[in-house]
Amino acid sequence: MTAVTTTTTAVAAPATGELPQVRRRRRLSPGRRLPAVRLIGPLVLLALWAAASAAGTLDPGAIPAPWTVLTTAGHLWTDGTLPTDVLTSLERAGYGFAIGLTAGVLLALASGLSRVGEALIDGTVQLNRAIPTLGLIPLFILWLGIGETFKIAIIAIVVYIPIYLNTHAALSGIDSRFVELAEVQDLSRLAFVRQVVIPGALPGFFVGLRLGVTGSWVGLVVLEQINATSGLGYMMFQAQNYGQSDVILVGLLIYGVFGLVSDSVVRLIERRVLSWRRTLSN
């Protein structure tokens, strides 16, 4: 005779007039998304900066107070210097980003969907990634001169590499069962790309897109300090020569705002496009 042991959960019988206690399930998710949560960190830093400036802890010659920087930005905007430099920087970053985005996506598709394309493209891109992009500046100046072309080319290189790497990795990570299912369904090449490849590669693409957007601003701030006659980087370089730390901080804050806004826009687009996914983020 085999003894059978059963395990039960003991529930204490409630006394007369008392409700049974229900054990609450522990929540492991981060919880509901807070509105404008990414602004909390920058606002805290701004508050600390203002408090330290008001208390006299910071040297105003090295790190001016926030209100001083704001006043300087107002003067630069009024005399027309800041609007011209901002538009010039936006134009350079926009052209370079557009070229880099197009190149990164096309190269990733060609390399990720074809063994021949992977053999011809992937190794070359990995070699390019291993070479510091800013180290190519002297060579590009010799090839393209010191005008706008070489600046846009460098920004495009900075942008296309992360977009290519992340999109190619997402394509390589598509489950082979989806490919087999598409073959069983006798999908055409175009339908396969539209229904399987693009949805599978979009998460990786958006990661690369965010890195590319940030990279365009990082590359721009360096390039505009090399043989430039306009732009935010040129304004900061000129301010360095005259010891105007408030003007330098104006340029850095504008770069930071551009980076934060562009990253937030990409995040918003990603959330809308990938709304079908159930992740910790949403």
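**View 1. Thr214, with 41% relative accessibility, is classed as partly exposed.** Buried residues have under 20% relative accessible area, exposed residues over 50%, and partly exposed residues lie in between, with a 1.4 Å probe and protein chains only. This is a predicted model, in which local features need pLDDT of at least 70 and side-chain atom pairs count only at pLDDT 80 or more, whereas totals for chains, interfaces and linings use all residues. Residues are numbered from 1 along each chain as its sequence is written, and side-chain values use heavy atoms, with hydrogens and water left out. Thr214 belongs to helix 8, where helices (H or I, at least four residues) and strands (E, at least two) are DSSP runs numbered from the N terminus. Its C-alpha atom lies 8.1 Å from that of Ser262, although the two residues are 48 apart in sequence.

**View 2. The whole protein is made of 10 helices and zero strands.** Read from the N terminus, the order of elements is α-α-α-α-α-α-α-α-α-α. Of the 282 residues, 35% count as buried. Among contacts with a separation of 6 or more, 71% join residues that are 24 or more positions apart, a contact being a pair of heavy atoms within 4.5 Å.

**View 3. Helix 3 (residues 81–112) and helix 4 (residues 115–130) have axes that come within 7 Å and cross at roughly 135°.** This crossing makes helix 3 oblique to helix 4; angles under 35 degrees count as roughly parallel, over 145 as roughly antiparallel, 65 to 115 as roughly perpendicular and the rest as oblique. The axes are lines fitted to C-alpha atoms, for helices over the stretch in contact, and the angles run from 0 to 180 degrees between N-to-C directions. From helix 3, Leu107, Ala110 and Ser111 meet Gly117, Glu118, Ile121 and Asp122 of helix 4. The residues of this contact comprise three nonpolar, two polar and two charged, where Ala, Val, Leu, Ile, Met, Phe, Trp, Tyr, Cys and Pro are nonpolar, Asp, Glu, Lys and Arg are charged, and the others, Gly among them, are polar.

**View 4. The largest nonpolar core holds 45 residues, of which Leu82, Ile154 and Leu232 touch the most other members.** Such a core is a set of buried Ala, Val, Leu, Ile, Met, Phe, Trp, Tyr and Cys residues joined through side-chain atoms within 4.5 Å. At least two residues of this core come from each of helix 2 (66–78), helix 3, helix 4, helix 5 (137–144), helix 6 (148–172), helix 8 (189–223), helix 9 (232–241) and helix 10 (245–273), and helix 6 contributes the largest share, 11 residues. Once neighbours within four places in sequence are set aside, Leu82 is in contact with Ala73, Leu76, Trp77, Leu232, Met235, Val250 and Ile254. A second, separate core of nine residues includes Leu171, Ala182, Val193 and Val197.

**View 5. Leu171, a residue of helix 6, is buried at 7% relative accessibility.** Leaving aside neighbours within four places in sequence, Leu171 contacts Ala108, Leu109, Gly112, Val197 and Ala201. Its C-alpha atom is separated by 8.0 Å from that of Leu109, which is 62 residues away along the chain. Ala169 is also found in helix 6, but with 47% relative accessibility it counts as partly exposed. The C-alpha atoms of Ala169 and Gly112, 57 residues apart along the chain, are 8.2 Å apart.

**View 6. Gly104 of helix 3 is buried, with a relative accessible area of 0%.** Apart from neighbours within four places in sequence, Gly104 is in contact with Tyr160, Ile163 and Tyr164. Between Gly104 and Leu165, which are 61 residues apart in sequence, the C-alpha to C-alpha distance is 8.2 Å.

**View 7. Phe205 and Phe206 form an edge-to-face pair, since their ring centres are 5.4 Å apart and their planes stand at 65°.** Rings of Phe, Tyr and Trp (its six-membered ring) pair if their centres lie within 6.5 Å, and planes under 30 degrees apart count as stacked, over 60 as edge-to-face and the rest as tilted. A search of the whole structure gives three aromatic pairs. Phe205 counts as buried at 17% relative accessibility, and Phe206 counts as buried at 4%.
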